[in-house]
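I set out to record what could be looked up in this structure, entry by entry. The topics are helices and strands, the core, charged pairs and aromatic rings.

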Amino acid sequence: MNKLGWAVVATVASAVLFFFGTGLAPVPELAWVAPLPILLLAPRVPGAAAMACAFAAYLAGSTGSWSYYWHSLSIPRPAAIGILGGSALLFALSAGLFRVLVRRGHGLLAALAAPALWTVVLYVVSLLNPTGVMDTLMTTQADRPAVFRLATVTGGWGVEFLVLFVPAAVAAALAPGVRGRARLAGLVVTAAALAGLAFWTTPPLTGPPTRVALLAMGQSRWGLDVATFEGRTRLQSYVDEIGRLPDGVRVAVLPEGTFAVDQASRPRLVEAFANVARKRNLDVVTGVIDTTPDGRFNAALAIPPSGPPVEYRKWHNGDSPNLTSGTQLAHVAGIGLMVCMDVNFADPSGGYGEAGTGLVLIPASDEDVDGWAHSRTALIRGVENGFSVAWSAARGTPMLADAQGHVLADAHTGDRPFSVVVADVPLGPGKTPYARFGDWFAWLCGLVALAGLVTATRRPSLSPVTTPAGQL
């Protein structure tokens with residue numbers, strides 16, 4: 001088979017593997033293999049061809065997510081095009097950098113610099129994008145606690161890097177022109193990293209578990225005003241459902257934007273939930289759209305059995321022009337509060353981790369198909385910062401997970417009047433190395449990528465590697 005034939009085969013193989021290994025319902029193991037055909041091809045064809053095949057493979061592999069991004073309520077269409085096209089372009093650039101370094105005999109640097117470039121660019125995007133970042137390579141591994149324990153030190157960026165580094169190291173070892181120690185160095189580093197994960201012991205979870213219930217109504221209209229008949233009906237339905245929860249539940253969490261309140265109607269909501277909270281001896285946390293003299297907030301309102309309510313105001317509202325963003329952490333009985341899109345960003349999760357918070361309750365609202373991916377983004381934040389997660393989502397995947405990344409219980413909403421998820425959730429240790437030191441690994445990736453780019457742009461001291469005729 002000639003080079004054109006192999007290029008087509010590699011492109012199709014990577015596209016198929018990306019399709020099933022990434023996206024909104026990935027097969028985690030395939031994500032590690034998906035880049036390999038393109039990276040094996042890259043040193044054996046001209047640079048333009050390698051990058052074109054990489055771009056086509058990634059773009060075709062993301063077709064399962066096209067409809068979601070195009071029709072998403074939270075992602076503007078220009079941003080959707082940028083996400084899909086930009087990700088494919090970034091993979092092409094990473095493959096191009098890998099090709100140049102391998103052909104100059106820098107096998108280990110190629111294996112390190114290509115995933116480092118990918119990782120640091122995504123990190124920069126996460127800082128600039130008003131909707132943050134989710135559904136990347138790290139998300140594909142969210143149901144693999146043995147892999148994700150790395151995030152307690154490096155953050156999710158370490159997992160992002162590792163998933164691309166492993167196939168890059170294999171491809172570098174098999175590339176023409178890479179000889180001797182350089183051929184094995186990447187594989188040795190890979191084996192060391194995987195062995196370290198296999199034998200790594202994580203800190204034990206602390207304290208007695210808290211029994212948490214997540215409740216989400218199948219009918220998920222946004223922000224019903226409790227002053228209206230429909231709002232009062234919904235309020236009573238939730239009060240009745242909380243009354244039917246199993247014994248021992250200490251926290252009941254409702255989805256984001258379940259109710260809309262203002263200064264006049266808020267006491268009605270608080271009284272109704274306070275009454276059932278006293279009867280069942282539990283805290284009720286509900287998402288509210290709260291209109292106040294200070295602004296209109298998307299908030300999580302915690303109503304304890306006694307004492308005043310505690311309100312957390314969402315930090316990240318995307319491009320919603322009518323909502324004011326909060327800036328403060330909030331705790332009820334030592335348990336943290338967040339809202340939905342906040343988990344797409346490093347903070348406020350990092351603040352809770354640094355404070356040693358062991359459990360965070362998160363009202364959320366998704367778009368059905370992205371429910372799994374967004375719930376696992378919340379799980380990632382918990383592992384990074386050492387807290388367990390209660391993710392109560394409308395039109396999504398309510399999930400309870402511990403701080404080590406184990407999903408204790410989850411469900412998908414919409415196929416019944418109420419989705420109820422209950423589990424005993426242990427408190428996490430908080431204060432992980434990542435919570436203390438932040439995104440140091442992403443910055444390290446920036447340095448490695450820069451080293452790779454500088455090396456790639458230098459005039460080579462030796463003649464370029466050539467592939468013998470007919471060899472691929």
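**Entry 1. Terms and model.** I take helices to be DSSP runs of H or I with at least four residues, numbered from the N terminus. I note that the model is predicted.

**Entry 2. A pair within one helix.** With that definition in hand, I looked up Arg381 and Glu384, which both lie in helix α16, 3 residues apart, about one turn of the helix. The two form a salt bridge, and their closest N and O atoms are 2.9 Å apart. I then checked exposure: Arg381 is buried at a relative accessible area of 10%, and Glu384 is buried at 1%.

**Entry 3. The sheet under this helix.** Which strands does helix α16 lie across? I found that α16 (residues 371-385) lies across β10, β11, β12 and β13, and that it runs at about 160 degrees to β11. These strands belong to an open sheet of 6 strands with mixed pairing, in the order β8-β9-β10-β11-β12-β13. I recorded β8 (331-332) and β13 (407-410) as the edge strands, each of which pairs on one side only. Strands β9 (residues 335-337) and β10 (residues 359-365) run parallel and are joined by 2 bridges. I located one residue pair here: Gly336 has Val360 in β10 as its bridge partner.

**Entry 4. The nonpolar cores.** I next asked which members of the largest nonpolar core touch the most other members. They are Phe98, Val212, Leu337, Leu361 and Trp391, out of 102 residues. Helix α11 (residues 156-173) supplies the largest share of this core, 12 residues. Another core, of 27 residues, lies apart from it and includes Tyr238, Ala277, Leu282 and Val284. I also listed the contacts of Leu361, leaving out residues up to four places away in sequence: Val251, Val253, Val285, Ile335, Gly336, Leu337, Met338 and Ala390. As general background, I note that nonpolar side chains tend to be buried together in soluble globular proteins.

**Entry 5. Salt bridges between elements.** I obtained a count of 12 salt bridges. In one of them, the side chains of Arg211 and Asp424 meet at 2.8 Å, N to O. Arg211 lies in strand β1 (residues 206-217) and Asp424 in strand β14 (residues 418-427), so this pair ties together parts that are 213 residues apart in sequence. Both ends are partly exposed: the relative accessible area is 29% for Arg211 and 39% for Asp424.

I then looked up Arg266 and Asp290, whose salt bridge has its closest N and O atoms 2.9 Å apart. Because Arg266 lies in helix α14 (residues 266-280) and Asp290 in strand β5 (residues 283-292), the pair ties together parts that are 24 residues apart in sequence. Is Asp290 buried or exposed? I found Asp290 buried, at 2%, whereas Arg266 is partly exposed, at 23%. Salt bridges with shared partners join Arg266, Asp290, Glu311 and Arg313 into one network.

**Entry 6. Aromatic rings.** I recorded 14 aromatic pairs in the structure. For Phe161 and Phe441, the ring centres are 5.6 Å apart and the planes stand at 80 degrees, so the pair is edge-to-face; the cut-off for that class is over 60 degrees. Phe161 lies in helix α11 and Phe441 in helix α18 (residues 440-457), so the pair ties together parts that are 280 residues apart in sequence. I found both Phe161 and Phe441 buried. Elsewhere, ring pairs link Phe18, Tyr58, Phe91 and Trp118 into a cluster.

Conventions. Residues are numbered from 1 along each chain as its sequence is written. This is a predicted model: local features need pLDDT of at least 70, side-chain atom pairs count only at pLDDT 80 or more; totals for chains, interfaces and linings use all residues. Side-chain values use heavy atoms; hydrogens and water are left out. Two strands pair if DSSP finds at least two bridges between them. Contact means heavy atoms within 4.5 Å. Axes are lines fitted to C-alpha atoms, for helices over the stretch in contact, and angles run from 0 to 180 degrees between N-to-C directions. A nonpolar core is a set of buried Ala, Val, Leu, Ile, Met, Phe, Trp, Tyr and Cys residues joined through side-chain atoms within 4.5 Å. Buried means under 20% relative accessible area, exposed over 50%, partly exposed in between (1.4 Å probe, protein chains only). A salt bridge is a side-chain nitrogen of Lys or Arg within 4 Å of a carboxyl oxygen of Asp or Glu. Rings of Phe, Tyr and Trp (its six-membered ring) pair if their centres lie within 6.5 Å; planes under 30 degrees apart count as stacked, over 60 as edge-to-face and the rest as tilted.
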